[in-house]
Amino acid sequence: MNTKEWIAELRASLKRDGNAAHAKQMQAYMKSDMPYFGVKLPEARKTFRELAKKIEFANFSAFEKFIRAVYGGAQHREERYAALMMLDVK
């Protein structure tokens, strides 16, 4: 799986598991301009761990490029959380 496919699967999973009411509450609580999908952290962590198993990196440079792509291209806050969790998982 490449980075674009991984991000697409991440977004699809978060969108599927999201809750619009939670999303608004989370965004307001965090005082964030960035929208949320509304996935609570325990459920999001489970998704991130499952997705982490689907990607491998040839070297640290490839891993760093991946993290920067996920974090920098995030459209929702949970996508940034996914990038940060990958630092711990991989």
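**Helix packing and the largest pocket**

The crossing of α4 and α5 is left-handed. In this predicted model, the two helices pack with their axes 8 Å apart and at an angle of about 160 degrees; because angles over 145 degrees count as roughly antiparallel, α4 and α5 are described as roughly antiparallel to each other. On the side of α4, the contact is made by Phe63, Phe66, Ile67, Val70 and Tyr71, and on the side of α5 by Glu79, Arg80, Ala83, Leu84, Met86 and Leu87. When these residues are divided by class, 9 are nonpolar and 2 are charged, while no polar residue takes part in the contact of α4 with α5.

Helix α4, which spans residues 60–72, also packs against helix α1, which spans residues 3–17, and here the axes come within 11 Å and cross at roughly 40 degrees. The pair α1 and α4 is therefore oblique, and α1 passes α4 in a right-handed crossing. The residues that meet in this packing are Thr3, Trp6 and Ile7 from α1 and Phe66, Ala69 and Val70 from α4. By class, the contact of α1 with α4 holds 5 nonpolar residues and 1 polar residue, with no charged residues. Phe66 and Val70 of α4 thus appear in the contact with α1 and also in the contact with α5.

A further packing of α1 involves α3, and the axes of α1 and α3 come within 11 Å and cross at roughly 155 degrees. This angle makes α1 and α3 roughly antiparallel to each other, and the crossing in which α1 passes α3 is right-handed. From α1, the residues Trp6, Glu9, Leu10, Ser13, Leu14 and Asp17 meet Glu43, Thr47, Phe48, Leu51 and Ala52 from α3. The contact of α1 with α3 is made up, by class, of 6 nonpolar, 2 polar and 3 charged residues. Trp6 of α1, which meets residues of α3, is also among the residues of α1 that meet α4.

Apart from these helix contacts, the model contains pocket space, and the largest pocket has a volume of about 200 Å³. The lining of the largest pocket is formed by 13 residues, of which Met26, Tyr36, Val39, Leu41 and Tyr81 are the closest to its centre. The elements that give two or more residues to this lining are α2 (20–30), α3 (41–52) and α5 (77–89), and the largest share, 4 residues, comes from α3. By class, the lining of the largest pocket has 10 nonpolar and 3 charged residues, and no polar ones. Helix α3 therefore contributes to the pocket lining as well as meeting α1, and α5 likewise gives residues to the lining and makes contact with α4.

Note on methods:
Residues are numbered from 1 along each chain as its sequence is written. This is a predicted model: local features need pLDDT of at least 70, side-chain atom pairs count only at pLDDT 80 or more; totals for chains, interfaces and linings use all residues. Side-chain values use heavy atoms; hydrogens and water are left out. Axes are lines fitted to C-alpha atoms, for helices over the stretch in contact, and angles run from 0 to 180 degrees between N-to-C directions. Angles under 35 degrees count as roughly parallel, over 145 as roughly antiparallel, 65 to 115 as roughly perpendicular and the rest as oblique. A crossing is left-handed if the near helix is turned anticlockwise from the far one by less than a right angle, and right-handed if clockwise. Contact means heavy atoms within 4.5 Å. Ala, Val, Leu, Ile, Met, Phe, Trp, Tyr, Cys and Pro count as nonpolar, Asp, Glu, Lys and Arg as charged, and the others, Gly among them, as polar. On a 1 Å grid over the protein atoms alone, a cavity is a set of points where a 1.4 Å probe fits but cannot get out, and a pocket is an open set with protein on both sides within 12 Å along at least five of seven lines; lining residues have an atom within 4 Å of a point. Grid points are joined across faces, edges and corners, and a volume is the space filled by probe spheres set on the points.
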